[in-house]
2 protein chains.
Amino acid sequence: MTPAAATPPAAPNRRERVRAATIEEIKRTALDLIRETGTVDIQFTAIARAMGLTAPALYRYFADRGELLTALVADSFNDLAATLDTARASVAPDDLGGRLLAACQAYRHWAAGDPERFALIFGVPVPGYTAPHEGPTTEAAHRAMSNLAGLVLDTARAGRLRPPAVTQVSEQFAELAGRKAHTEMGGGGMTPEIYQGMLVTWAALHGFVALEAHGHFHWMEPAVRDELFVAHVRAVAGITGLVAP
Amino acid sequence: MTPAAATPPAAPNRRERVRAATIEEIKRTALDLIRETGTVDIQFTAIARAMGLTAPALYRYFADRGELLTALVADSFNDLAATLDTARASVAPDDLGGRLLAACQAYRHWAAGDPERFALIFGVPVPGYTAPHEGPTTEAAHRAMSNLAGLVLDTARAGRLRPPAVTQVSEQFAELAGRKAHTEMGGGGMTPEIYQGMLVTWAALHGFVALEAHGHFHWMEPAVRDELFVAHVRAVAGITGLVAP
DNA sequence: CATAACAGTTATGAGGCGTAACTTTTCTTA
DNA sequence: TAAGAAAAGTTACGCCTCATAACTGTTATG
């Protein structure tokens with residue numbers, strides 16, 4: 001309550017900066033260990049050791065393992081979303097097929113290059129992790145979806161969107177699509193059929209990415225996987241009616 | 001080296017039967033605990049407690065946690081494969097669309113009803129689990145694939161297989177498909193295009209199942225998810241040229 | 001410069017994994 | 001059927017991890 005208490009908003013104290021840096025270092029070290037050990041079961045002790053600290057020191061920054069896990073999940077969300085956006089934006093706006101492929105490849109490579117992190121977001125919760133079953137978990141699907149939705153809207157605006165592969169839509173789904181289409185996206189030209197196609201496309205894409213990230217396609221040489229993935233993207237693009245690469 | 005040592009092959013001693021039963025009980029208890037806690041990180045101690053034993057007793061049956069995990073994975077494989085076969089066989093052979101849908105639904109419900117077990121097979125390895133990166137992991141894809149292949153061959157034999165959605169096949173993939181088609185399946189009428197379509201269909205199907213099993217579709221009501229899944233199967237059936245349900 | 005906030009340490013307890021040594025039960029067989 | 005081998009299960013133990021408590025040093029701030 002001192003009169004000079006007007007510094008909480010815009011004052012990155014030196015103290016606070018070094019603290020933030022330490023937090024970053026902890027998270028980075030944790031990710032390194034996760035990648036090294038190939039498991040998502042991080043050990044506070046190991047992190048501290050790698051940083052030249054003792055374990056209890058970490059409790060100054062994270063209340064427990066679960067909190068650290070939660071932070072890692074949140075970061076992964078942001079990282080993935082940013083990666084997808086960057087990839088999509090790296091291709092000329094009128095090259096719709098190229099934009100789709102770029103975003104899909106980014107998704108794929110992000111997952112394959114960091115399977116544990118991918119599992120952290122899209123897999124089952126881990127031991128100490130207080131599964132926020134309605135929080136970031138569903139947000140993952142939504143963010144990835146919104147990226148895809150952007151592509152669909154762009155394609156529709158360009159007048160190049162073809163009809164989706166499946167035109168039968170149940171009443172119940174149409175009702176949901178009507179709600180979602182208006183609240184989540186512009187809604188310009190979004191029909192239940194297209195919304196359904198988008199969900200199917202996104203799920204189908206996810207399947208390839210998940211299988212490959214977890215090693216179930218390792219019986220194919222990488223070059224062959226690459227080609228197959230392009231075919232996969234072509235196929236799933238057709239489901240929504242997007243321009244295939 | 002006693003003369004009466006001619007009983008090792010066909011002699012399920014009472015000893016051995018009760019031992020086998022105990023092993024089954026351990027695995028069953030482990031699965032129960034996995035489902036209860038929602039994590040795949042089983043605790044030997046907890047299993048023993050639930051069985052009214054002390055922890056070291058379990059080491060008579062499994063060398064360590066990893067070995068138990070491995071056994072659970074193997075069992076899950078067999079269970080899933082059997083479930084799929086049963087489901088497919090439960091529909092009249094001439095109802096090709098029905099057979100496809102039945103197998104897909106079986107896959108889906110198996111995963112959604114037992115997400116941890118699903119993750120055990122298709123997710124990342126767990127702490128104590130000595131990742132057999134070339135063993136059961138790849139076998140998972142193969143078994144699920146062979147079930148799908150059976151459907152494709154049936155459809156082709158019935159003369160109802162339509163051309164796959166994507167007909168562009170890279171040379172490298174065609175070469176691989178040529179090898180696989182002959183070694184793994186009868187090869188009757190299997191072209192690289194169809195083989196590619198099968199892989200894409202299977203991956204696409206897996207995507208929906210994985211997302212739903214891990215709760216990423218929980219923002220939809222179950223009934224809506226049901227309808228969407230049917231649409232999904234219709235779409236992915238078209239990729240290979242199968243008869244849609 | 002005094003003092004409050006913070007970072008980090010050692011000490012400690014609870015609990016899990018896995019091994020060793022011992023006891024009890026069960027089967028085999030002479 | 002009685003003796004002994006084999007297997008099942010127990011207690012005791014060492015090591016490691018998580019997490020908390022109590023203490024020491026350091027840094028910013030009046």
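User: How do the residues of the surface near DNA strand C divide into nonpolar, polar and charged?

Analyst: This is a predicted model. In it, the surface near strand C has 7 nonpolar, 4 polar and 8 charged residues.

User: Which residues are closest to DNA strand C?

Analyst: Thr54(A), Arg60(A), Tyr61(A), Arg14(B) and Thr45(B), out of 19 that surround the strand. Of the strand C atoms that come within 4 Å of the protein, sugar and phosphate account for 65%.

User: What lies 2.6 Å from a phosphate oxygen there?

Analyst: A polar side-chain atom of Thr54(A). Tyr59(B) also places a polar side-chain atom 3.1 Å from a phosphate oxygen of strand C. Arg65(B) uses a backbone N or O atom instead, at 3.4 Å.

User: Which element gives the most to that surface?

Analyst: α2(B), with 3 residues. The elements supplying at least two residues each are α1 (14–37) and α3 (55–58) of chain A, plus α1 (14–37) and α2 (44–51) of chain B.

User: OK, switching to DNA strand D. Which residues come nearest?

Analyst: Arg14(A), Phe44(A), Thr54(B), Arg60(B) and Tyr61(B), of 19 around the strand. Sugar or phosphate makes up 67% of the strand D atoms within 4 Å of the protein, and bases make up the rest.

User: Which side chain has an N or O atom 3.5 Å from a base nitrogen?

Analyst: Arg15(B). For phosphate oxygens of strand D, polar side-chain atoms of Arg19(B) and Arg49(A) lie at 2.8 Å and 3.4 Å, respectively.

User: And which element gives the most near strand D?

Analyst: α2(A), with 3 residues.

Note on methods
Residues numbered from 1 in each chain as written. Chains lettered and ligands numbered in written order. Predicted model: local features only at pLDDT ≥ 70, side-chain atom pairs only at ≥ 80, totals over all residues. Heavy atoms only, no water. Near = heavy atom within 4 Å. Polar contact = N/O pair within 3.5 Å; in protein donor to acceptor, adjacent residues only side chain to side chain. Helix = DSSP H or I, 4+ residues; strand = E, 2+ residues; numbered from the N terminus. Nonpolar A, V, L, I, M, F, W, Y, C, P; charged D, E, K, R; others polar.
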